[in-house]
Amino acid sequence: MSTENCDATLSVSLRNVLNSIQCIRDRVRDGESNESDGAFNLSNFWDTLNQAVKAVSQEATKLSLAFSRPPLPSVQDGEKLSQSILKSVLTLSAVYYWLPKSQGVTLRRQVRDATVEVLEGVLQLLEVILSSPLHSLTQEQLTSTGGVWSACDQFPQLPKENKEALLVVLSSQTGVVKDAVEEMEQALSEAQDPFNDVLDDDPNEGNPRGNQDMYWSEKDRQVIGPCQGLTKAAAACLRKLTAAVKANGDSAVPQNVAQLDDLADISREISPSVDDLALCLYPPMDYSGVENNVSKLSALLKKFLEIIRCSHLCGESELTWVQFLEGAVDHNLQKAKVLIELDS
């Protein structure tokens, strides 16, 4: 067989595998787990999943090496390599499907995302091999091979149960809300103009930065006070819940697993709501928009605290701060509304 025909045959084989893995990736991303009536062994699942991930990493390495230098693998060897990488991917996706929703939707979502990342890494590697000369190692191929390794290496760090999965969500949300709080504090502590680090004065203008819409009025600054209080209450809610999950979180009982999922879902809503409120505080301040976002964030935090109150996480010590934060939310909501309505 000529070199050209060999290249073409190998390309067809690789393209077929790529198309198959694209379908597998799409099913994993959008599909449901295989719920079964039998007992599920979480420890066995993780052992088998990690073995499957390791196999994908090894097969991806073999594939990359085979197409990194001459001579090219024979058509037969190329077919074996293609089938081996496909088999490893099929095994990984099949093991992922073992994980039932009853172990926690939050946990399953994070395992799914990690699995999809591995599959997308393999797809990128195949695309690079197909788009490059089949007998040369390119920087892109090195990078994409490393991408597969990196995606596989994150599996040992994944949360192993729903309690740990909720803590991952809370950590992410806490960081975003903390940044929003600090950004607003910094803007208030600086000059009257919150845009002074964004917009530069034009020396050709006779009245640089003369537009008062760029500045906070005294009333604006008064209104910002309780809005800050609300964002700080949001940050406190996330911090306190994190401590409660670490102390009392339980993934052994289906009802408790479901409660952890409910808290993960509502926790994801907090940082977007805080961001919406923070954005509408910049001048020119739209008081109706501020009042709307204050009301939305307050309602969300009250719902958040009520879910905590009714969950297995809430003991006597937790109830104390739940009640305190409920009062803080109400206080800042009412204060913001009173200030907004003044002289309106």
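**Figure 1. Cysteine 280 and the cysteines of the predicted model.** In this predicted model, cysteine 280 counts as buried, because its relative accessibility is 18% and the limit for a buried residue is under 20%. The closest cysteine sulfur belongs to cysteine 227, and the distance from the sulfur of cysteine 280 is 6.9 Å. That is too far for a bond, because a disulfide needs two cysteine sulfur atoms within 2.5 Å. Cysteine 310 takes part in no disulfide either, with the nearest cysteine sulfur, in cysteine 314, at 8.4 Å. Unlike the buried cysteine 280, cysteine 310 counts as exposed, with a relative accessibility of 53%. Over the whole structure, the search for disulfides gives 0.

**Figure 2. The cavity and the residues that line it.** Rolling a probe the size of a water molecule over the atoms shows where empty space is left. In this structure there is 1 cavity of 30 Å³ or more. The space inside the largest cavity is about 30 Å³. Which residues form the lining of the largest cavity? They are Ala180, Met184, Cys227, Gln228, Thr231, Ala278 and Leu281. By type, this lining has 5 nonpolar residues, 2 polar ones and no charged ones. Two helices, α6 (162-189) and α7 (218-248), each contribute at least two residues to the lining. The most comes from α7, which supplies 3 residues. Cys227, one of the lining residues, is also the residue that holds the cysteine sulfur closest to that of cysteine 280.

**Figure 3. Threonine 106 and its contacts.** Threonine 106 is found in helix α4, which covers residues 105-131. Is threonine 106 buried or exposed? Its relative accessible area is 1%, so threonine 106 is buried. Leaving out residues up to four places away in sequence, threonine 106 touches Asn162, Ala165, Leu166, Val169, Leu260, Asp261, Ala264 and Arg268. Valine 168 is 62 residues from threonine 106 along the chain, and the C-alpha atoms of the two are separated by 9.5 Å.

**Figure 4. Isoleucine 307 in helix α9.** Helix α9 spans residues 287-309 and includes isoleucine 307. Isoleucine 307 counts as partly exposed, because its relative accessibility is 23% and the partly exposed range lies between the limits of 20% and 50%. Apart from neighbours within four places in sequence, isoleucine 307 is in contact with Asp262, Leu263 and Ile266. Where does glutamine 259 lie with respect to isoleucine 307? The two are 48 residues apart in sequence, and their C-alpha atoms are 8.0 Å apart in space.

**Figure 5. Pairs of aromatic rings.** A pair of aromatic rings is described by the distance of the centres and the angle of the planes. The model has 4 aromatic pairs. In one of them, phenylalanine 45 and tryptophan 46, the ring centres are 5.4 Å apart and the planes meet at 70°, so the pair is edge-to-face. Phenylalanine 45 and tryptophan 46 are both buried. For tyrosine 96 and tyrosine 97, the ring centres are 5.4 Å apart and the planes are at 50°, so this pair is tilted. Tyrosine 96 is buried, as is tyrosine 97. An aromatic cluster is formed by Phe40, Phe45 and Trp46.

**Figure 6. The chain around the close-up views.** The chain contains 10 helices and 0 strands. Its pattern along the sequence is α-α-α-α-α-α-α-α-α-α. The chain has 344 residues, and 47% of them count as buried. Among contacts between residues at least 6 apart in sequence, 82% join residues that are at least 24 apart.

Key. Residues numbered from 1 in each chain as written. Predicted model: local features only at pLDDT ≥ 70, side-chain atom pairs only at ≥ 80, totals over all residues. Heavy atoms only, no water. 1 Å grid on protein atoms, 1.4 Å probe; cavity = no way out; pocket = protein on both sides within 12 Å on 5 of 7 lines; lining within 4 Å. Points joined across faces, edges and corners; volume = space filled by probe spheres on them. Helix = DSSP H or I, 4+ residues; strand = E, 2+ residues; numbered from the N terminus. Nonpolar A, V, L, I, M, F, W, Y, C, P; charged D, E, K, R; others polar. Buried < 20%, exposed > 50% of the residue type's maximum accessible area, 1.4 Å probe, protein only. Contact = heavy atoms within 4.5 Å. Phe/Tyr/Trp six-rings, centres within 6.5 Å; stacked < 30°, edge-to-face > 60°.
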